[in-house]
Amino acid sequence: MRAGGIGPSVRMPLRADAVMALRIDILTLFVEMFDAFCSTSIVGRSVERDLVDVQRTNIRDFATDSYGTVDDAPFGGGVGMVMMYQPVCDAVAHVQSRHPTPGEVILLSPQGAPLKQATVEELAGKDRLILIAGHYEGFDERIRTLADREISIGDFVMSGGEIAAMALADAVIRLQPGALGKDESTHEESFSAGLLEYPHYTRPREIAGMSVPDVLLSGDHARIAAWRLEQAKLRTQQRRPDLWQQYKQQHSNQRDVAPDEGDTPPQEQDRE
Ligand code: 9D3
């Protein structure tokens, strides 16, 4: 969560019950893509409760010609269009001028650093973020100088940066104090940090010939916790050997890395 220690980057409470909201500016050519995002579920509720202020800015508003041109053909030739420097630069300057605290400028790009929860946690502690989403074959290289960092959400190709901006904003917003209800609390995330989730079950006890594991009906909370940790480890070994190696490394001074200290994942017994 938020880094410890009082410093200029830590948002200070105005009153005991009021904390300055995180402000996120989204610079995009498709502001309408963010409508449902901003009004639905945890993000919608956080906006309503003033835990976060999400402002959308249309980069096209900063075009200088009457056609609203924001892209052009690449120097050197090639297919596709390139997003121009000037409208993006002016849009960033505009949103920066609208607020006293400078925002951390993040360019969503397939060439960015792959997004990790550690980055999300770091960004969740900032006062202000400015997300730039592109929607062309590429940015004019000089746009990169406007950004403090460049982030990708994974090694796959989307048609634009808008969904990546939503993914990042969503991950950051749900970490704001008060964003999650009691039932959605992140408490357990720290307990099993670095592991995939254990299997969940709800009513009915039996359906389509599949029953709930007996231990979950036992009422024995210690046994249930042990079973869940075991399942989380098994699942991580089977599905994400990369995460499992990391987890083993981080817990190498403890005796809790069982069930299998080895590198070969056990056979998966059942699939969902
Ligand atoms: C044919 C040229 N493309 C190379 C594969 C370049 C390209 C430019 C722009 C590919 C995708 C995009 C649009 N994507 C994003 O803006 C984007 C993105 C993504 O596609 N995947 C994962 N994370 C991100 S963050 C922004």
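This briefing goes through the fold, the strand pairing, the nonpolar core, the ligand shell and a few backbone details of one chain. The model is a predicted one, and its chain of 272 residues has 23% of them counted as buried. Eight helices and 12 strands make up the secondary structure of the chain. Among contacts in the chain with a separation of 6 or more, 77% are between residues 24 or more positions apart.

**Parallel strand pairing around β3, β4, β7, β8 and β10**

- Strand β3 (22-28) pairs with two strands described here, since seven bridges join it to β4 (52-58) in the parallel sense, and five bridges, also parallel, join β3 to β8 (128-133).
- Individual bridges place these pairs in register: T28 has N58 as its partner in β4, while I24 has L129 as its partner in β8.
- Strand β3 is largely enclosed by the rest of the structure, because six of its seven residues are buried.
- Strand β7 (104-114) pairs in parallel with β8 over five bridges, and it is likewise joined by five bridges to β10 (149-152), again running parallel.
- On the β8 side, L108 is bridged to A133, and on the β10 side, A113 stands opposite I151.
- Strand β7, helix α4 (117-124) and strand β8 together form a β-α-β unit that is right-handed.

**A separate three-stranded sheet**

- An open sheet with mixed pairing has its three strands in the order β5-β6-β9.
- Strands β5 (71-72) and β9 (138-139) are the edges of this sheet, and each has a single partner strand, so one side of each is left without a neighbour in the sheet.
- Between β5 and β6 (82-83) there are two bridges, and these strands run antiparallel; the partner of D71 in β6 is M83.

**The largest nonpolar core**

- The largest nonpolar core holds 42 residues, and those with the most contacts inside it are L27, I106, L108, L131, I132, A165 and A169.
- Two or more residues of this core come from each of β3, α1 (35-39), β4, α3 (85-97), β7, α4, β8 and α5 (162-173), and α5 gives the most, with seven residues.
- A165, one of the residues with the most contacts inside the core, is in contact with I26, T28, L108, L131 and A133 once its neighbours within four places in sequence are set aside.

**I151 in strand β10**

- I151 belongs to strand β10 and is buried, because 24 other C-beta atoms lie within 10 Å, where 20 or more are required.
- Not counting residues up to four places away in sequence, I151 touches I106, L108, G112, A113, L115 and L168.
- I151 and A164 are 13 residues apart in sequence, and the distance from C-alpha to C-alpha is 8.7 Å.

**The shell around the ligand**

- The ligand is surrounded by 16 residues, of which the closest are L108, S152, M158, G161 and A164.
- By class, seven of the residues in this shell are nonpolar, eight are polar and one is charged.
- Strand β7 provides the largest share of the shell, with three residues.
- L108 therefore appears in two settings, being among the closest residues to the ligand and among the residues with the most contacts inside the largest nonpolar core.

**Backbone details to check in the model**

- Most residues other than glycine have a negative phi, and most peptide bonds are trans.
- S41, in helix α2 (41-48), has a positive phi of about 60° although it is not a glycine; S41 counts as exposed because it has 11 C-beta neighbours inside 10 Å, and the cut-off is 12 or fewer.
- A208, which sits in the loop between β11 and β12 (210-211), also has a positive phi, near 50°; with 4 C-beta neighbours inside 10 Å, A208 counts as exposed too.
- R203 and P204 are joined by a cis peptide bond with omega of about 0°, and P204 lies in the loop between α6 (187-191) and β11 (206-207).

Technical notes: Residues numbered from 1 in each chain as written. Predicted model: local features only at pLDDT ≥ 70, side-chain atom pairs only at ≥ 80, totals over all residues. Near = placed C-beta within 6 Å. Helix = DSSP H or I, 4+ residues; strand = E, 2+ residues; numbered from the N terminus. Nonpolar A, V, L, I, M, F, W, Y, C, P; charged D, E, K, R; others polar. Core = buried A, V, L, I, M, F, W, Y, C linked by C-beta atoms within 7 Å. Contact = placed C-beta atoms within 7 Å. Pairing = 2+ DSSP bridges. Right-handed = clockwise from strand over helix to strand, strands pointing away.
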